[in-house]
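Subject: Structure handover and findings

Dear colleague,

I am passing on the structure we spoke about, and my notes on it follow below. Please read them alongside the coordinates.

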Amino acid sequence: MKKVLIISAMLTATLLLGSCDKENERDEIPYVYVNFVVYPNTLDFIPVGDYAYFSGGYKGIIIYRQLSDDFKVYERACPHDPLVENARVFVEESGIIAIDTVCGSRFLLTDGSPIEGPATIGLKQYRTRYDGFSLQVMN
């Protein structure tokens, strides 16, 4: 019984001390319900290897068309500084890299991973369902 109490006290102390570490504190991107449909072959045309901005999400959405039937959909809020007012991800001229001009983080649009800057996690990705005609974007 003593061992259980000692182990329990040690685990509690570890959790409390670990939660005080400033490096582990991170602002979360606020949850916003997302569920809309786009037509990437007609009305909302997005060529293969290109992208388009859409409203929705917390700070907007980027839809990147990797292949004719493969779409990557990302939140435009930078995961490093999502609550900073002007911090928003924009696609660079290359069309494959997005940058937050406030903190300087850069992300690869093929998978959302950070490639430069202070961001250590990738862009928030939304789920998709594509039937060859319409693309549903949701969280």
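I begin with a charged contact: the side chains of Arg106 and Glu92 meet in a salt bridge, at 2.8 Å from N to O, where a salt bridge is a side-chain nitrogen of Lys or Arg within 4 Å of a carboxyl oxygen of Asp or Glu. Arg106 lies in strand 7 and Glu92 in the loop between strand 5 and strand 6, so this pair ties together parts that are 14 residues apart in sequence. Glu92 is partly exposed, with a relative accessible area of 21%; on the scale used here, buried means under 20% relative accessible area, exposed means over 50%, and partly exposed is what falls in between, with a 1.4 Å probe and protein chains only.

Before going further, please note that this is a predicted model, in which local features need a pLDDT of at least 70 and side-chain atom pairs count only at pLDDT 80 or more, while totals for chains, interfaces and linings use all residues. Residues are numbered from 1 along each chain as its sequence is written, and side-chain values use heavy atoms, with hydrogens and water left out.

Arg106 has a further partner, since its side chain also meets that of Glu116 in a salt bridge, at 3.3 Å from N to O. Here Arg106 is in strand 7 and Glu116 in strand 8 (residues 114-116), so the pair ties together parts that are ten residues apart in sequence; Glu116, at 44% relative accessibility, counts as partly exposed. Glu92, Arg106 and Glu116 are thus linked in a network of salt bridges. The structure holds three salt bridges, and one of them joins the side chains of Lys72 and Asp70 at 4.0 Å, N to O, with Lys72 buried at a relative accessible area of 18%.

As for the overall layout, the chain has one helix and ten strands, these being DSSP runs numbered from the N terminus (helices H or I of at least four residues, strands E of at least two). From the N terminus on, the helix comes before the strands. Of the 139 residues, 34% count as buried.

The strands around the network can be described in more detail. Strand 5 (residues 89-91) and strand 6 run antiparallel and are joined by three bridges, and two strands are taken to pair if DSSP finds at least two bridges between them. They form a hairpin with five residues between them, and Gly95 in the turn has a positive phi of about 80 degrees. Strand 6 also pairs with strand 7 (residues 106-108), in the antiparallel sense and over three bridges; in that hairpin, which likewise has five residues between the strands, Gly104 takes a positive phi near 85 degrees. Ala98 of strand 6 stands opposite Val91 and opposite Phe107 in strand 7. In a regular strand the side chains alternate between the two faces of the sheet. Both faces of strand 6 (residues 97-100) are covered, with Ile97 and Ile99 buried on one side and Ala98 and Asp100 buried on the other.

Turning to the interior, the largest nonpolar core has twelve residues, among them Val34, Ile61, Phe71 and Leu135; such a core is a set of buried Ala, Val, Leu, Ile, Met, Phe, Trp, Tyr and Cys residues joined through side-chain atoms within 4.5 Å. Strand 2 (51-54), strand 3 (61-67), strand 4 (70-75) and strand 10 (135-138) each supply at least two residues of this core. Apart from it lies another core, of eleven residues, including Tyr74, Cys78, Leu109 and Ala119.

Finally, a search of the whole structure finds four aromatic pairs, for which ring centres of Phe, Tyr and Trp (its six-membered ring) must lie within 6.5 Å, and planes under 30 degrees apart count as stacked, over 60 as edge-to-face and the rest as tilted. One of them, Tyr39 with Phe133, is tilted, at 5.4 Å centre to centre and 55 degrees between the planes. This pair links distant parts of the chain, 94 residues apart, with Tyr39 in the loop between strand 1 (35-38) and strand 2 and Phe133 in the loop between strand 9 (125-130) and strand 10. Tyr39 is partly exposed at 27% relative accessibility, and Phe133 is partly exposed at 49%.

With best regards
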